[in-house]
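Take a look at the aromatic side chains of this model. The tour starts with a charge and a ring, then turns to rings that meet each other.

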Amino acid sequence: MILCVRFHVPPEGGGCAAGGNAGAGGGCEAVLPALLAVLGGLTPVVQALPPDAALVDVRGAERYFGWNAAQLASVIRVRALAHCGVDCAIGAGPNPMLARMAARGARPGTTLVLPPDEVREFLAGKPVAALDGVGSATARTLCSYGLDSVGRVAAAPLATLQRIVGARTGRELHERALGIDRTPVVPNAAARSLGAERSFPHDELDPDRRRRALLSLAEELGARLRGTEQVCRSLTLTVRYADRSTTTRGRTLREPTAHSPALTALAYAIHESLGLQRARVRGVSLRAEGLTPARLASRQLTFDPTDDRARRIEAVADRARARFGPAAIVPGTLADAA
């Protein structure tokens, strides 16, 4: 069996759960390395799914310890609470896709085990968008043909699906609708994205406070990217409202970068494009996606001395934060807010 473990940091843990502080940083992703170490005590086959989850292949652990997947999940929850103060919702399934789907249906503190003989029944009534790899555009296309549930997609002929969405996508869609996922759990897989979140203690109507939160997020992501010598190709902003609904928008950067001012400018632009006006916002999160090593990225040369000066100052600030802590140097706007 494969386990998908989703971690739930309490509100005082830094904003992963509702009710955190707008100035708090890190959240689930900050404690993820410690939680991965907890999982590594049972099996070395652990794949991080930032910011708040991991896949765990426990087939070897089942044989070694003589425990089934549900028992191993109980051990993981106890250890995560004892070592990190973090609760878990765990899904168990025959492959990574089914484990992730089971985890989404599990409540914190519980384990949802999906036996192989119950896969078809579990999937049949799910909306087609619940399948991995089915985005909003593909889901709309399938729904226009009446294929709005996983059960209907599974019953459709493969040739029909391939005519609708293409040969390769149709084949993958057909397999996933039948509960087949051939992707392995890859230990120590390189992260494809980085994320950070800020929650507000109350319904936030002030756009300036939201912009300060975005500035803080962009500064944090930029520093983390530079610290790991990576750049990102795009940013995705998610806004969470008082009624628990969310809006997510993404944009591609002009060039891959880890430069905080460039990340901040794009985050502001995405935020402005939403036209939130008097929206009651409870939290914002920013995710840097399309990560690549900085050494493989090219940068457009500029004769603007201001840009070069900003990058030199940024490098000095990074060295100061590495030595004295992340709060050693912060933008003036954030210092004033503190």
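A charge sits over a ring if NZ of Lys or CZ of Arg is within 6 Å of the ring centre and within 35 degrees of the ring normal. Arg211 fits this description: Arg211 lies over the face of Tyr268, at 3.8 Å from the ring centre. Keep in mind that the model is predicted.

Now to the rings that pair. A pair of aromatic rings is described by the distance of the centres and the angle of the planes. The structure holds two aromatic pairs. In one of them, the ring centres of Tyr64 and Phe65 are 5.0 Å apart. Their planes stand at 85 degrees, so this pair is edge-to-face; the cut-off for that label is over 60 degrees. Phe65 also pairs with Trp67. Here the centres are 5.2 Å apart and the planes differ by 15 degrees, a stacked arrangement. Tyr64, Phe65 and Trp67 thus belong to one aromatic cluster.

Where does Phe65 sit along the chain? Phe65 is found in helix H2, which covers residues 59-65.

How open to the surface are these residues? Tyr64 has 68% relative accessibility, so Tyr64 counts as exposed. Phe65 has 30% and counts as partly exposed. Trp67 has 32% and also counts as partly exposed. The label follows because partly exposed lies between the buried limit, under 20%, and the exposed limit, over 50%.

The cluster residues appear once more at the surface. Tyr64, Phe65 and Trp67 make a nonpolar surface patch of about 340 Å².

Terms used: Residues numbered from 1 in each chain as written. Predicted model: local features only at pLDDT ≥ 70, side-chain atom pairs only at ≥ 80, totals over all residues. Heavy atoms only, no water. Phe/Tyr/Trp six-rings, centres within 6.5 Å; stacked < 30°, edge-to-face > 60°. Buried < 20%, exposed > 50% of the residue type's maximum accessible area, 1.4 Å probe, protein only. Patch = residues over 30% accessible without salt bridge, like charges linked within 9 Å, V, L, I, M, F, W, Y side chains within 5 Å. Areas by Shrake-Rupley, 256 points an atom, 1.4 Å probe, with all protein chains shown as cover. Salt bridge = Lys/Arg side-chain N within 4 Å of Asp/Glu carboxyl O. Helix = DSSP H or I, 4+ residues; strand = E, 2+ residues; numbered from the N terminus.
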